[in-house]
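Student: I should like to work through the terms used to describe this model and the reasoning behind each of them. May we begin?

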Amino acid sequence: MATFLYARVSTSEQTLDHQKTQAEKAGFRFDHIIADQGVSGVSVLMRDRPEGKRLFDMLRAGDTLVVRWVDRLGRNYADVTDTIREFMRRGVVIKTVINNMTFDGSTSDPMQMAVRDAMISFMAASAQAQVEATKEAQKAAIEALKAKDDGAYKGRKPSFTRAAYETVVNLLGKNASVSEIAQASGISRQTVYRIKENPAAAEKALALWSL
């Protein structure tokens with residue numbers, strides 16, 4: 001039986017060290033630390049992340065999976081609930097650092113199962129609702145700026161150069177993996193995913209900023 005810490009670091013404000021230290025202060029000790037860097041919890045499902053896929057391969061019955069909160073597993077309601085239920089079916093216990101929640105599939109009491117499943121659903125829904133609320137707030141702020149600037153608003157400055165963009169597009173055409181592309185271009189995997197999903201928008205952003 002082993003204890004795993006899974007961390008997802010999706011922004012520059014988050015760090016693996018912070019999630020690890022917070023878990024250790026809560027009394028957790030780990031045999032393995034698995035972390036996905038620069039990966040969206042909204043658009044990239046757990047099984048599709050490089051380290052998330054490895055976690056699925058490694059977890060066995062009797063293991064414990066520790067996460068800071070369920071939003072580290074993802075911010076997509078269906079994906080988070082499916083992931084937790086799959087791990088419980090395998091006999092894995094899931095524990096959260098925040099709120100000290102424990103989810104496992106050992107109980108056969110229908111009332112306990114109903115409460116457990118309701119809590120999983122509530123936490124997964126909260127994770128998705130939080131990111132959607134943030135997007136709506138950002139959208140409103142952008143619209144306000146556009147109105148003030150009379151159409152001159154250019155959006156956020158791209159975090160990549162034109163050279164990096166061209167490298168990404170070229171390697172995508174050669175079916176290179178996201179990790180390989182990120183390493184070759186010098187940008188994060190999350191940025192590679194954004195370019196991959198909408199190359200036209202990335203090209204437009206570069207043009208607006210004259211990059």
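**Reasoning from values to terms**

Tutor: In this predicted model, helix α1 (residues 16-25) lies across β1 (3-9) and β2, running at about 145° to β1.

Student: What makes β2 and β5 edge strands?

Tutor: The open sheet has five strands in the order β2-β1-β3-β4-β5, with mixed pairing. Strands β2 (32-37) and β5 (102-103) each pair on one side only, as edge strands.

Student: How do you know that β4 and β5 pair?

Tutor: Pairing requires at least two bridges between two strands. Strand β4 (residues 93-96) and β5 are joined in the antiparallel sense over two bridges, so the requirement is met. Ile94 stands opposite Phe103 in β5.

Student: Why are α6 and α7 called roughly perpendicular?

Tutor: Helix α6 (residues 178-185) and helix α7 (residues 189-197) pack at an angle of about 110°, with their axes 9 Å apart. Angles of 65 to 115 degrees count as roughly perpendicular, and α6 and α7 are therefore described in that way.

Student: Which residues of α6 and α7 meet?

Tutor: Val178, Ser179, Ile181, Ala182 and Ser185 in α6 meet Arg189, Val192 and Tyr193 in α7. By class, this contact of α6 with α7 has five nonpolar, two polar and one charged residues.

Student: How many aromatic pairs does a search of the whole structure find?

Tutor: The search finds two aromatic pairs. Phe56 and Phe87 form one of them, at 4.8 Å centre to centre and with 50° between the planes.

Student: Why is the pair of Phe56 and Phe87 called tilted?

Tutor: Ring centres must lie within 6.5 Å, and planes under 30 degrees apart count as stacked, over 60 as edge-to-face and the rest as tilted. The 4.8 Å satisfies the distance limit and 50° falls in the remaining range, so the pair is tilted. The pair links distant parts of the chain, with Phe56 in helix α2 (residues 50-58) and Phe87 in helix α3 (residues 77-89), 31 residues apart.

Student: Are Phe56 and Phe87 buried or exposed?

Tutor: Buried means under 20% relative accessible area. Phe56 has 5% and is therefore buried; Phe87 has 0% and is therefore buried as well.

Student: What makes the pair of Phe160 and Tyr165 stacked?

Tutor: The ring centres of Phe160 and Tyr165 are 6.4 Å apart, within the limit of 6.5 Å, and their planes stand at 25°, under 30 degrees, so this pair is stacked. Phe160 has 10% relative accessibility and so counts as buried. Tyr165, at 10% relative accessibility, counts as buried too.

Technical notes
Residues are numbered from 1 along each chain as its sequence is written. This is a predicted model: local features need pLDDT of at least 70, side-chain atom pairs count only at pLDDT 80 or more; totals for chains, interfaces and linings use all residues. Side-chain values use heavy atoms; hydrogens and water are left out. Axes are lines fitted to C-alpha atoms, for helices over the stretch in contact, and angles run from 0 to 180 degrees between N-to-C directions. Helices (H or I, at least four residues) and strands (E, at least two) are DSSP runs, numbered from the N terminus. Angles under 35 degrees count as roughly parallel, over 145 as roughly antiparallel, 65 to 115 as roughly perpendicular and the rest as oblique. Contact means heavy atoms within 4.5 Å. Ala, Val, Leu, Ile, Met, Phe, Trp, Tyr, Cys and Pro count as nonpolar, Asp, Glu, Lys and Arg as charged, and the others, Gly among them, as polar. Rings of Phe, Tyr and Trp (its six-membered ring) pair if their centres lie within 6.5 Å; planes under 30 degrees apart count as stacked, over 60 as edge-to-face and the rest as tilted. Buried means under 20% relative accessible area, exposed over 50%, partly exposed in between (1.4 Å probe, protein chains only).
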